[in-house]
Amino acid sequence: MNENTNGRTVALVTGANKGIGYEIAAGLGALGWQVGVGARDERRREDAVRALRAGGADAFGVPLDVTDDDSATAAAELLAERFGRLDVLVNNAAVAGGWSQQPSTADLAAVRLVMETNVLGVIRMTNAVLPLLRRSAAPRIVNMSSAVGSLTLQSDPEAFTGPASAAYGPSKTLLNAVTLQYAKELSDTGILVNLACPGYCDTDLNGHRGTRTPAQGAVIAVRLATLPAGGPNGQFFNEDGPLPW
Ligand code: NAP
């Protein structure tokens, strides 16, 4: 359990106004943590904060567009002013970029938006709050990835990895690669950085075709957010265990 001596654990979940991010916020709130709901739309953010609070979570809103430098900086400033540190960052916000995404007919604007959000957004947000994570007694970063980002699975004709994709799948492959580099750079800091695959969940992202609930998808993220000291670093998990890269 991630507990600091100077107050309750503080977490920020990006893209927490709905779907799996909302359920991650609920799961961390149920631990008694103070949970920042990072979301770009004010009404959706405040509705989520209200619902989380009604469920007993100590949730607060954090205006955040992960594609915007100033927004990421302002979110970090809000956390610095309010808590002076951050214990857990869950980089959950992502876009699919529309389906289908056959490479031969790819809309480059859509590919660019997916990469900007799902990859650069994670780097931008992580770097904005890294000074605050360094002040935590047990800092953790959880990056929401997907089995479709696994090159091992993508190159296995027997594995179910969805249709050919030039944007979403590759964005998660790149996110996996970037996460490994963070784990390498931060390996002597106590910050544990890991990747979570929630499984195929029923959310807006896939037009509600997923078969798992968003709450089921949140389980692995909560587990990685609460890793004990000396836990895994730079690894890729779903609820059942490690996934192939
Ligand atoms: P979702 O329901 O579409 O929710 C995505 C969240 O990201 C929303 O809150 C959305 O906010 C937010 N977001 C998008 N762009 C943003 C931006 N620029 N700035 C801030 N927030 C932004 O998706 P989900 O299915 O819950 O996905 C959550 C995570 O799990 C993602 O990383 C996804 O890739 C991953 N994942 C999902 C599945 C699945 O089956 N659902 C499978 C594997 C991995 P708005 O409401 O403002 O759009």
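**Close-up views of the ligand site and selected residues**

An oxygen atom of the ligand sits 2.8 Å from an N or O atom in the side chain of arginine 44. This and every view below come from a predicted model.

**View A. Polar side chains meet the ligand.** Alongside arginine 44, whose side chain has an N or O atom 2.8 Å from a ligand oxygen, two further side chains are worth finding here. Aspartate 65 places a polar side-chain atom 2.9 Å from a nitrogen atom of the ligand. Asparagine 206 does likewise with an oxygen atom of the ligand, at 3.1 Å. How much of the ligand does the protein bury? Taken alone, the ligand exposes 910 Å², and 95% of that is buried by the protein.

**View B. The shell around the ligand.** Step back a little and you can take in the 29 residues that surround the ligand. The closest are Asn17, Asn92, Tyr168, Cys201 and Thr203. Sorted by class, the shell holds 12 nonpolar, 11 polar and six charged residues. Which elements give two or more residues to this shell? They are helix 1, spanning 19-29, and helix 6, spanning 168-185.

**View C. Two cysteines without a disulfide.** If you are wondering about disulfides, a search of the whole structure finds zero. Cysteine 197 is in none, and the nearest cysteine sulfur, which belongs to cysteine 201, is 8.1 Å away. Cysteine 201 is in no disulfide either, its nearest cysteine sulfur being that of cysteine 197 at 8.1 Å. A disulfide needs the two sulfur atoms within 2.5 Å, so a pair at 8.1 Å does not count. Are these two cysteines buried or exposed? Cysteine 197 is buried, with a relative accessible area of 6%, and cysteine 201 is buried too, at 2% relative accessibility. You have already met cysteine 201 in View B, where it is among the residues closest to the ligand.

**View D. Serine 150 and its partners.** Look for serine 150 in the loop between strand 5 (140-144) and helix 5 (151-154). Its relative accessibility is 0%, so it counts as buried. The side chain of serine 150 reaches the backbone oxygen of proline 244 at 2.9 Å. A polar atom of that side chain also lies 3.4 Å from the backbone nitrogen of threonine 152. Leaving aside neighbours within four places in sequence, serine 150 is in contact with Phe236, Pro244 and Trp245.

**View E. Isoleucine 24 in helix 1.** Isoleucine 24 has its place in helix 1, one of the elements that give two or more residues to the ligand shell. This residue counts as buried because its relative accessibility is 0%. Not counting residues up to four places away in sequence, isoleucine 24 touches Val13, Val90, Asn92, Met144, Ala218, Ala221 and Val222. Proline 214 is 190 residues from isoleucine 24 along the chain, yet their C-alpha atoms are separated by 8.7 Å.

**View F. Histidine 208 and its backbone angle.** Our last stop is a loop residue: histidine 208 lies between strand 6 (192-196) and helix 7 (214-225). What is the sign of phi at histidine 208? Phi is positive here, about 60°, although the residue is not a glycine. Most residues other than glycine have a negative phi. Histidine 208 counts as partly exposed, with 44% relative accessibility.

Terms used: Residues are numbered from 1 along each chain as its sequence is written. This is a predicted model: local features need pLDDT of at least 70, side-chain atom pairs count only at pLDDT 80 or more; totals for chains, interfaces and linings use all residues. Side-chain values use heavy atoms; hydrogens and water are left out. Buried means under 20% relative accessible area, exposed over 50%, partly exposed in between (1.4 Å probe, protein chains only). A residue is near a molecule or strand if one of its heavy atoms lies within 4 Å of it. A polar contact is a pair of N or O atoms within 3.5 Å; within protein, one must be able to donate a hydrogen and the other to accept it, and residues adjacent in sequence count only if both atoms are side-chain atoms. Accessible areas come from the Shrake-Rupley method with a 1.4 Å probe; for residues, only the protein chains shown count as cover. Helices (H or I, at least four residues) and strands (E, at least two) are DSSP runs, numbered from the N terminus. Ala, Val, Leu, Ile, Met, Phe, Trp, Tyr, Cys and Pro count as nonpolar, Asp, Glu, Lys and Arg as charged, and the others, Gly among them, as polar. Contact means heavy atoms within 4.5 Å.
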